[in-house]
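Work through the exercises below with the model open. Try each task before reading its solution.

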Amino acid sequence: MGALTNNETKGDFTDVITLTYEDIQDAGTDATAFATIPAGGGVDVCVVYEAEALAGATDITLDVGTTSGDPDEFIDNLDVDAMSAPVANTGDALVQAAGNTTISGGSLPVGLTQSDATVYYKFGGTVADLTAGKVVIGLRVFDLGRFA
C-alpha cells in the first residue's frame, strides 16, 4: 500500500493500493487515506481496475481525490461493480468541460500543491454486503519538490 519501491516504479505508477472486498468493508463509506502528494507535486494519472468482480452488492461507487469529505478530484462517482474495463481520470480536476481527458503531446498534472496533500479513496453503497472482489487504484505522482 502506498509508495512503491524503486524496482516497482519503472514506468506507469508511483502509488498503488489493492483492496479486497474485506478491505472495502473495513473502510466502509469513510474517506480513507492511502497516498500523499508531496509539496511541489501533482497527479496526472489515476486508474481504477476491478481485478476480481465485486459480488454481493450492485450499488458500489468509488471516489478518489484530495478532499477528505468528497474526494472526487481524480475519480468521481465510478460505478465499480459495473466496470468492464479499467477507468482513468474521471474526476473533477481531470475532466475538461467537454468531458474529454485527451491532452495532445503529453499530460497535464493536477492536484498541484505547495505542501503535502493526502489522497483518499471513498466507497459508496452497501459495502457491508460484498462477498467477493478486488479493486486496484493506481496513481502517477510527480514530485518536483524533491529537487528543491
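**Exercise 1. Is Asn77 buried or exposed, and what is the sign of its phi?**

Step 1: take the accessibility. Asn77 has a relative accessible area of 51%, so it is exposed. The cut-offs are as follows: buried is under 20% relative accessible area, exposed is over 50%, and partly exposed is in between, with a 1.4 Å probe and protein chains only.

Step 2: place the residue. Asn77 is in strand β5. Strands (E, at least two residues) and helices (H or I, at least four) are DSSP runs, numbered from the N terminus.

Step 3: read the backbone. Phi of Asn77 is near 50 degrees, a positive value in a residue other than glycine. Most residues other than glycine have a negative phi.

Step 4: set Asn89 beside it. Phi of Asn89 is also near 50 degrees and positive. Asn89 sits in the loop between β6 and β7. Its relative accessibility is 13%, so Asn89 counts as buried.

A note on conventions: this is a predicted model, where local features need pLDDT of at least 70, side-chain atom pairs count only at pLDDT 80 or more, and totals for chains, interfaces and linings use all residues. Residues are numbered from 1 along each chain as its sequence is written, and side-chain values use heavy atoms, with hydrogens and water left out.

**Exercise 2. Which elements have the lowest and the highest mean pLDDT?**

Step 1: start with the chain. The protein chain averages a pLDDT of 88, and 84% of the residues score at least 70. Here pLDDT is the predictor's confidence in each residue, from 0 to 100.

Step 2: go to the elements. Strand β6 (residues 87–88) has the lowest mean, 92. Helix α1 (residues 21–27) has the highest, 98.

**Exercise 3. In what order do the 4 strands of the open sheet stand?**

Step 1: write the order. It is β2-β7-β4-β5, with antiparallel pairing. Two strands pair if DSSP finds at least two bridges between them.

Step 2: find the edges. β2 and β5 (75–79) each have a single partner strand, so one side of each lacks a neighbour in the sheet.

Step 3: take the twist. Neighbouring strands of this sheet are turned by 20 degrees against each other on average, direction ignored. The axes behind that angle are lines fitted to C-alpha atoms, for helices over the stretch in contact, and angles run from 0 to 180 degrees between N-to-C directions.

Step 4: list contacts of β7. On one side, 5 bridges join β2 to β7. Thr32 stands opposite Tyr121 in β7. Strand β4 (residues 61–65) is also joined to β7 by 5 bridges. Asp63 has Lys122 as its bridge partner in β7. Gly65 has Tyr120.

Step 5: check enclosure. In β7, 6 of the 8 residues are buried, so the strand is largely enclosed by the rest of the structure.

**Exercise 4. How many aromatic pairs does the structure hold, and which residues form one cluster?**

Step 1: count. The whole-structure search finds 2 aromatic pairs. Rings of Phe, Tyr and Trp (its six-membered ring) pair if their centres lie within 6.5 Å; planes under 30 degrees apart count as stacked, over 60 as edge-to-face and the rest as tilted.

Step 2: classify Phe34 and Tyr121. Their ring centres are 5.9 Å apart and their planes lie at 50 degrees, so the pair is tilted. Phe34 is in strand β2 (residues 32–37) and Tyr121 in strand β7 (residues 117–124), 87 residues apart. Phe34 is buried at 5% relative accessibility. Tyr121 is buried at 5% too.

Step 3: classify Tyr121 and Phe123. The centres are 5.8 Å apart and the planes at 70 degrees, so this pair is edge-to-face. Both Tyr121 and Phe123 are buried.

Step 4: join them. Phe34, Tyr121 and Phe123 form one aromatic cluster.

**Exercise 5. Which side chains meet in the 2 salt bridges?**

Step 1: apply the criterion. A salt bridge needs a side-chain nitrogen of Lys or Arg within 4 Å of a carboxyl oxygen of Asp or Glu.

Step 2: take Arg140 and Asp44. They meet at 2.8 Å, N to O. Arg140 is in strand β8 (residues 132–143) and Asp44 in strand β3 (residues 41–55), 96 residues apart. Arg140 is partly exposed at 26% relative accessibility, whereas Asp44 is buried at 3%.

Step 3: take Glu52 and Lys134. They meet at 3.5 Å, N to O. Glu52 lies in strand β3 and Lys134 in strand β8, so the pair ties together parts 82 residues apart in sequence. Glu52 is partly exposed at 41% relative accessibility. Lys134 is partly exposed at 25%.
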